[in-house]
Amino acid sequence: MEPKKLITYTAGHASVRKQLLLFWIFFIIGTFTIGGGYAMILMMKRYLVEQYHWLKDEEFYDMLAISQVTPGPIAVNMATFVGYTQGGVLGSVLATLGVSIPAVAVIIVIALFFPDFKDNVWVQRFFAGVIVGVVAQIATIVLDLGKRQKWTIVSAVVCAAALGILFFVHQVSPIWLILGGGLVGITIEVFKPHKPAAAKRAS
Amino acid sequence: MISFLALFGVFFKIGMFTFGGGQAMIPLLQKDLVVNLAWVPMKEFLDFVAISEITPGPVAINMATFVGYKLRGLTGALVTSLGVILPSFIIILIIATVAHTFRTNRWVSAFLDGLKPVVLALLTYAVFTIAKGGIPAWWGYIASLGILLLILKYGKKLNLFLVLLAAGGLGLLMFR
């Protein structure tokens with residue numbers, strides 16, 4: 001079977017313009033997204049997959065999966081990953097700075113000038129409204145991801161089991177679920193007949 | 001006075017070993033900053049969390065900046081933010097440089113395919129926890145469903161930033 005080659009590389013060939021664009025995209029997303037890294041995923045997909053066509057859907061979701069199963073904030077992981085594959089090391093630095101600078105700046109401004117920011121009733125209402133939109137955006141990603149998942153009995157059981165554990169067993173570290181899912185994948189691969197090797201033995 | 005190195009260390013450690021994104025860091029930060037080190041009083045910590053959740057950007061960076069700023073001013077804020085960002089940056093850079101072998105290696109590929117349903121479960125769970133923690137009234141869920149349908153129907157033509165702004169405006173008018 002031809003191996004799937006999903007993560008493509010343009011690192012090293014990226015123009016300065018593209019590197020600056022990477023900074024700008026992540027800066028915009030970092031500035032206007034309230035609700036943390038999850039809220040940024042759909043916007044990242046819009047820019048990276050749909051508007052600029054830098055990534056295919058599968059590549060984007062591969063990066064999302066890796067960003068989610070590695071330590072650290074998902075937004076930073078995504079920015080570094082996309083930045084590197086699209087613009088080399090400088091691209092990764094710029095994208096990471098882009099998504100981080102607004103978060104740092106806004107907190108310093110609030111700490112300096114608006115210490116009572118969160119007690120303002122209008123701020124609270126506005127934020128509650130934004131969350132309504134954020135939930136819809138993450139749900140969009142969930143549906144899209146669910147549609148693209150190759151559903152087998154095993155993957156459905158793994159997904160259902162992970163959901164069950166998340167909802168009913170509190171304080172479980174996601175790393176155990178991730179490792180569990182990965183091990184299931186490896187186990188299946190062990191018991192799958194490996195065609196090229198079998199063909200070689202036959203001849 | 002708390003040294004910059006100690007500040008950096010706490011956030012670097014949490015950035016290095018916390019799986020599940022910034023939200024997952026909050027209980028660990030609380031344990032370190034409020035309980036073990038006693039650098040931040042509980043009430044102030046909860047204020048930091050509340051503000052971080054309603055400001056733009058990754059919650060982990062918001063938290064780091066806040067704690068760093070309160071303890072050691074502007075330089076402190078930069079030190080803690082860098083501390084929480086660097087582990088992610090380094091780990092992903094290492095992964096990205098070898099990533100072209102990801103899908104050509106049978107075992108890594110099998111591992112990735114195996115954990116994909118778990119990623120889906122984690123995102124689904126995130127939708128529910130964010131909704132439960134942030135939507136104050138039942139019809140907020142209906143509004144959320146409405147926005148979801150709009151996004152699905154109009155796709156690319158819908159400006160997502162305007163969607164959030166409109167949702168915020170709806171919150172101003174409706175949530176009491």
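**Two chains and their packed helices**

Modeller: In this predicted model, helix H5(A) meets helix H5(B) through Ala128(A), Ile131(A), Val135(A), Ile138(A), Ala139(A), Ile141(A), Val142(A), Leu145(A) and Gly146(A) on one side and Val119(B), Leu120(B), Leu123(B), Thr124(B), Val127(B), Ile130(B), Ala131(B) and Gly134(B) on the other. These contact residues divide into 14 nonpolar, 3 polar and no charged. The axes of H5(A), residues 121–148, and H5(B), residues 106–134, come within 9 Å and cross at roughly 165 degrees.

Biologist: What makes H5(A) roughly antiparallel to H5(B)?

Modeller: An angle over 145 degrees counts as roughly antiparallel, and the axes of these two helices cross at roughly 165 degrees, so H5(A) is roughly antiparallel to H5(B). H5(A) also passes H5(B) in a left-handed crossing.

Biologist: How many residues of chain B are in contact with chain A, and how much area do the two chains bury between them?

Modeller: In chain B, 93 residues are in contact with 102 residues of chain A, and together the two chains bury about 8900 Å², with 78% of that area on carbon and sulfur atoms.

Biologist: How do you know that Lys118(A) forms a salt bridge with Asp47(B)?

Modeller: The rule asks for a side-chain nitrogen of Lys or Arg within 4 Å of a carboxyl oxygen of Asp or Glu, and the closest N and O atoms of Lys118(A) and Asp47(B) are 3.2 Å apart, so the pair qualifies as a salt bridge. Across the interface of chain B and chain A the rule finds 3 salt bridges, while the structure holds 13 over all chains.

Biologist: Why is the meeting of Lys45(A) and Asp57(A) called a salt bridge, and what does the pair tie together?

Modeller: The N to O distance for these side chains is 3.4 Å, which lies within the 4 Å of the rule, and therefore the name applies. Lys45(A) lies in helix H2(A), residues 41–51, and Asp57(A) in helix H3(A), residues 57–69, so the salt bridge ties together parts that are 12 residues apart in sequence.

Biologist: At what angle do the axes of H2(B) and H4(B) cross, and what is that arrangement called?

Modeller: The axes of H2(B), residues 25–36, and H4(B), residues 59–98, come within 10 Å and cross at roughly 30 degrees. Angles under 35 degrees count as roughly parallel, so H2(B) is roughly parallel to H4(B). The contact joins Met25(B), Ile26(B), Leu29(B) and Leu33(B) of H2(B) to Val59(B), Ala60(B), Met63(B), Val67(B) and Val84(B) of H4(B), and its residues divide into 9 nonpolar, no polar and no charged.

Biologist: And what is the direction of H2(B) against H3(B), parallel or antiparallel?

Modeller: The axes of H2(B) and H3(B), residues 42–53, come within 11 Å and cross at roughly 150 degrees; since that is over 145 degrees, H2(B) is roughly antiparallel to H3(B). Here Ile26(B), Leu29(B), Gln30(B), Leu33(B) and Val34(B) of H2(B) meet Met42(B), Phe45(B), Val49(B) and Glu53(B) of H3(B), and the contact residues divide into 7 nonpolar, 1 polar and 1 charged.

How values were computed:
Residues are numbered from 1 along each chain as its sequence is written. Chains are lettered from A and ligands numbered from 1 in the order in which they are written. This is a predicted model: local features need pLDDT of at least 70, side-chain atom pairs count only at pLDDT 80 or more; totals for chains, interfaces and linings use all residues. Side-chain values use heavy atoms; hydrogens and water are left out. Axes are lines fitted to C-alpha atoms, for helices over the stretch in contact, and angles run from 0 to 180 degrees between N-to-C directions. Helices (H or I, at least four residues) and strands (E, at least two) are DSSP runs, numbered from the N terminus. Angles under 35 degrees count as roughly parallel, over 145 as roughly antiparallel, 65 to 115 as roughly perpendicular and the rest as oblique. Contact means heavy atoms within 4.5 Å. Ala, Val, Leu, Ile, Met, Phe, Trp, Tyr, Cys and Pro count as nonpolar, Asp, Glu, Lys and Arg as charged, and the others, Gly among them, as polar. Buried area is the accessible area (1.4 Å probe) that two parts lose on being put together, summed over both. A crossing is left-handed if the near helix is turned anticlockwise from the far one by less than a right angle, and right-handed if clockwise.
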